[in-house]
Amino acid sequence: MQALAAEAGTPCHLYPLDVTDAPALAAAGTDFIARCGVPDIVIANAGISVGTLTEELEDLPAFQRVFATNVMGMVHAFQPFFAAMKQAGAGRLVGVASVAGIRGLPGAGAYSASKAAAIAYLESLRVELRGSGVRVVTLVPGYIDTPMTEKNPYPMPFLMPVDRAVLSMARHIERGTRFAVMPWQMGVVAQLLKVLPRPLFDALFARAGRKPRGSG
Ligand SMILES: NC(=O)c1ccc[n+]([C@@H]2O[C@H](COP(=O)([O-])OP(=O)(O)OC[C@H]3O[C@@H](n4cnc5c(N)ncnc54)[C@H](OP(=O)(O)O)[C@@H]3O)[C@@H](O)[C@H]2O)c1
């Protein structure tokens with residue numbers, strides 16, 4: 001990040017922190033607004049993915065970590081800026097969810113549930129901010145080629161290179177798209193998943209590949 005900031009050609013302020021640490025984000029938000037004013041865009045991107053099984057007692061901390069990062073981390077990231085952006089009447093709050101949040105994927109109860117929670121949370125914000133001038137953008141990636149997916153032991157349809165994914169995300173942020181799935185082929189899959197009857201979904205996904213437990 002420091003190397004990127006040095007190349008940026010514009011002042012950058014870096015706040016290395018853990019998104020589960022609400023006071024740290026509040027302090028960073030206050031400091032940022034004091035130095036730079038109300039932000040145009042806030043992106044809550046931090047997330048972790050790990051296989052989890054409810055029957056395994058030792059997976060409980062993983063459930064907590066995934067929810068703390070993927071759900072509460074998003075709330076912590078937006079909270080310091082929400083009121084100021086609403087008052088300014090402009091800007092974008094951007095949350096990175098996942099296609100895994102559309103239906104519950106086996107072996108990924110924590111991750112799927114956390115991303116479903118993120119999707120619903122972002123929808124709540126979108127309606128709360130309707131007419132305020134602040135747009136809420138829900139980004140819903142399928143499979144993107146990042147360290148998160150590099151060890152997935154199953155085929156990943158429509159795997160997207162990260163630079164293309166980021167360009168697509170930037171376009172949606174600029175437009176203020178309410179809900180954007182990338183790549184577009186995954187958007188079609190997401191639409192189908194939404195309407196797939198439960199018995200059919202259960203039969204199709206019973207044998208789906210699973211993220212190994214304990215890997216991040
Ligand atoms: N890759 C995909 O196919 C895919 C698909 C759907 C959704 N997503 C979502 O896209 C987002 C980015 O994922 P990615 O693929 O880029 O994964 P990644 O390569 O594993 O990167 C995750 C990023 O989140 C940061 N992070 C994790 N926990 C954090 C915490 N507690 N506090 C602060 N930062 C934290 C990591 O920082 P450090 O490196 O410093 O730990 C890292 O920069 C996530 O929300 C993920 O769920 C990814």
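What follows is a walk through the fold, the helix packing, the ligand shell and two backbone oddities of this model. The structure is predicted, so local features need pLDDT of at least 70 and side-chain atom pairs count only at pLDDT 80 or more, while totals for chains, interfaces and linings use all residues. Residues are numbered from 1 along each chain as its sequence is written.

To start with the overall fold, the protein comes to seven helices and six strands (DSSP runs numbered from the N terminus, with H or I over at least four residues for helices and E over at least two for strands). Along the sequence these elements follow the pattern α-α-β-α-β-α-β-β-β-α-β-α-α. Taken along the principal axes, the C-alpha atoms fill a box of roughly 55 × 35 × 35 Å. The radius of gyration is 18 Å, which agrees with the value near 17 Å for a compact globule of 216 residues (taken over C-alpha atoms, with the globule rule being 2.2 Å times the number of residues to the power 0.38).

Next comes the helix packing. Two packed helices are described by the angle between their axes and the distance between the axes. Here axes are lines fitted to C-alpha atoms, for helices over the stretch in contact, and angles run from 0 to 180 degrees between N-to-C directions. Helix 3 (residues 60-88) and helix 4 (residues 109-128) have axes that come within 9 Å and cross at roughly 20°. Helix 3 and helix 4 are therefore roughly parallel to each other (angles under 35 degrees count as such, over 145 as roughly antiparallel, 65 to 115 as roughly perpendicular and the rest as oblique). On the helix 3 side, Ala62, Phe63, Val66, Phe67, Asn70, Val71 and Met74 meet Ala110, Tyr111, Ser114, Lys115, Ala117, Ala118 and Tyr121 of helix 4 (contact means C-beta atoms, placed from the backbone, within 7 Å). This contact divides into 11 nonpolar, two polar and one charged residues (Ala, Val, Leu, Ile, Met, Phe, Trp, Tyr, Cys and Pro count as nonpolar, Asp, Glu, Lys and Arg as charged, and the others, Gly among them, as polar).

Helix 3 also packs against helix 2 (residues 22-36), with axes that come within 8 Å and cross at roughly 35°. Ala22, Leu25, Ala26, Gly29, Thr30 and Ile33 in helix 2 meet His76, Ala77, Pro80, Phe81 and Ala84 in helix 3. By class, that makes eight nonpolar, three polar and no charged residues.

As for the ligand, 19 residues surround it, and Ala46, Gly47, Ser98, Thr146 and Met148 come nearest (a residue is near if its C-beta atom, placed from the backbone, lies within 6 Å). The shell has nine nonpolar, nine polar and one charged residues.

Finally, the backbone: a cis peptide bond joins Met182 and Pro183, with omega about -5°. Pro183 sits in the loop between strand 6 (179-182) and helix 6 (184-195). Phe158 is not a glycine, yet has a positive phi of about 60°.

Conventions: Contact = placed C-beta atoms within 7 Å.
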